[in-house]
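Biologist: Please take a close look with me at one part of this model, and then follow the thread outward from there as far as it seems useful. I would like the description to stay careful, with residues and values named wherever they are available.

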Amino acid sequence: MNFKAAFSALAILLAGTSMAFSAPIALTKTNPNSVFDGGGRKSLRIVNNGDPMVNQRVTAGGFRLNTGAADIIAWCVDIAHSLSLKGLYQVTSTPFSNTFTFSETQKSNIKSLFETNYSSLDLNNNNQSAGFQLALWELIYEKSGNFDVKDGSFKSTTNTDARNFANSFLGNLGGAVTQSYKIDYYESLGYGRNNSKYSQNLVSVTPVPLPAAGLLLGCGLAGFYLTQRRKKV
């Protein structure tokens, strides 16, 4: 067996897991009749006293979409635009150039929200799904630094159960990681004349294996390769 080749192939495989998918893609609904496709969602009112100014009733929940390669559940991270799915999207690690740039703190909080809550989230439960969406918006739009979807510059004024779930999810920030995820931000590239209109920016996640398993495998093969080299000397 060519151990050097095997070790090199493993290194390429592990490196490939972090490669960004950057080709423009068209997102479509998995069910043409409903972007939620039977998943959990709730109608509730959100108020944002920052930019953009919002005081309206929305339906909050996870969107069932297809990238052309896989089905995903995507979440709104952009209350300035509606979801039209017109035009193309780009996966980016630096959200967003068409609205405002997320800070490192915002990205870290979003990652923590997923990694401390998402594995146990019942995506078909209306209040849990709406609560998770509310929690995401709170992390992006709240200006006070105090995360509470019932108060502050961003808040929801209806649906006690969904708001309670949201605050429970937010309370887990910085807690124990229950599942690691690869975070993909989907940025609308625009549509219409001169691509001057935008669909909603989104975020979706993909579970990744526990790091220890990959490290042990890599270290094991590296050690085996070194042992074989010593035997040949």
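In which sense, and over how many bridges, do strand E2 (residues 41-48) and E3 pair?

Modeller: This is a predicted model, and everything that follows should be read in that light. Strand E2, which spans residues 41-48, pairs with E3 in the antiparallel sense, and eight bridges connect the two strands. Within this pairing, Leu44 stands opposite Val58, a residue of E3. Between the two strands the chain passes through a loop that holds Pro52, and the peptide bond that joins Asp51 to Pro52 is cis, with omega at about 5 degrees.

The pair belongs to an open sheet of three strands, ordered E3-E2-E7, in which the pairing is antiparallel. Strand E3 (54-61) and strand E7 (154-156) each have a single partner strand and therefore stand at the edges, where one side of each is left without a neighbour in the sheet. Averaged over the sheet and with direction ignored, neighbouring strands are turned by 35 degrees against each other. Helix H3, made of residues 126-141, packs on this sheet and touches E2, E3 and E7, while its direction makes about 20 degrees with that of E2.

Helix H3 also leads on to another sheet, since H3 lies across E5 and E9 and runs at about 55 degrees to E5. Those strands are members of an open, antiparallel sheet of six strands, whose order is E1-E4-E5-E9-E8-E6. Here the edges are taken by strand E1 (28-29) and strand E6 (89-92), each of which pairs on one side only. Inside the sheet, strand E8 (residues 181-188) and strand E9 (residues 202-207) are joined in the antiparallel sense over six bridges, and Tyr181 has Pro207 in E9 as its bridge partner. Helix H2, covering residues 104-117, packs on this sheet as well, touching strand E5 (71-76), E8 and E9, and the direction of H2 makes about 125 degrees with that of E8.

The salt bridges can be followed from this helix. The structure holds three of them, among them a contact between the side chains of Lys107 and Glu104, with 3.1 Å from N to O. Both residues belong to helix H2 and lie three residues apart, about one turn of the helix. Their surroundings can be set side by side: Lys107 counts as buried because its relative accessible area of 18% is under 20%, whereas Glu104, at 58%, is exposed. Further along, Glu115 forms a salt bridge with Lys111, and their closest N and O atoms are 3.1 Å apart. Glu115 and Lys111 are four residues apart in helix H2, so about one helical turn separates them. In this pair, Glu115 is the buried residue, with a relative accessible area of 9%, and Lys111 is partly exposed at 34%.

A salt bridge also joins Asp184 and Lys182, with 2.5 Å between the closest N and O atoms. Asp184 counts as buried at 10% relative accessibility, while Lys182, with a relative accessible area of 24%, is partly exposed.

Some backbone details in the loops remain to be noted. A cis peptide bond is also found between Pro95 and Phe96, where omega is about -15 degrees, and Phe96 has its place in the loop between E6 and H2. Positive phi values call for attention too: Asn159, although not a glycine, has phi at about 65 degrees, and this residue sits in the loop between E7 and helix H4 (160-171). Asn194, again a residue other than glycine, has a positive phi near 55 degrees. Asn194 is part of the loop between E8 and E9, and its relative accessible area of 71% makes it exposed.

To return to the part you asked about, E2 and E3 pair antiparallel over eight bridges, the loop between E2 and E3 contains Pro52, and helix H3 packs on the sheet to which these strands belong.

Methods:
Residues are numbered from 1 along each chain as its sequence is written. This is a predicted model: local features need pLDDT of at least 70, side-chain atom pairs count only at pLDDT 80 or more; totals for chains, interfaces and linings use all residues. Side-chain values use heavy atoms; hydrogens and water are left out. Two strands pair if DSSP finds at least two bridges between them. Axes are lines fitted to C-alpha atoms, for helices over the stretch in contact, and angles run from 0 to 180 degrees between N-to-C directions. Contact means heavy atoms within 4.5 Å. A salt bridge is a side-chain nitrogen of Lys or Arg within 4 Å of a carboxyl oxygen of Asp or Glu. Buried means under 20% relative accessible area, exposed over 50%, partly exposed in between (1.4 Å probe, protein chains only).
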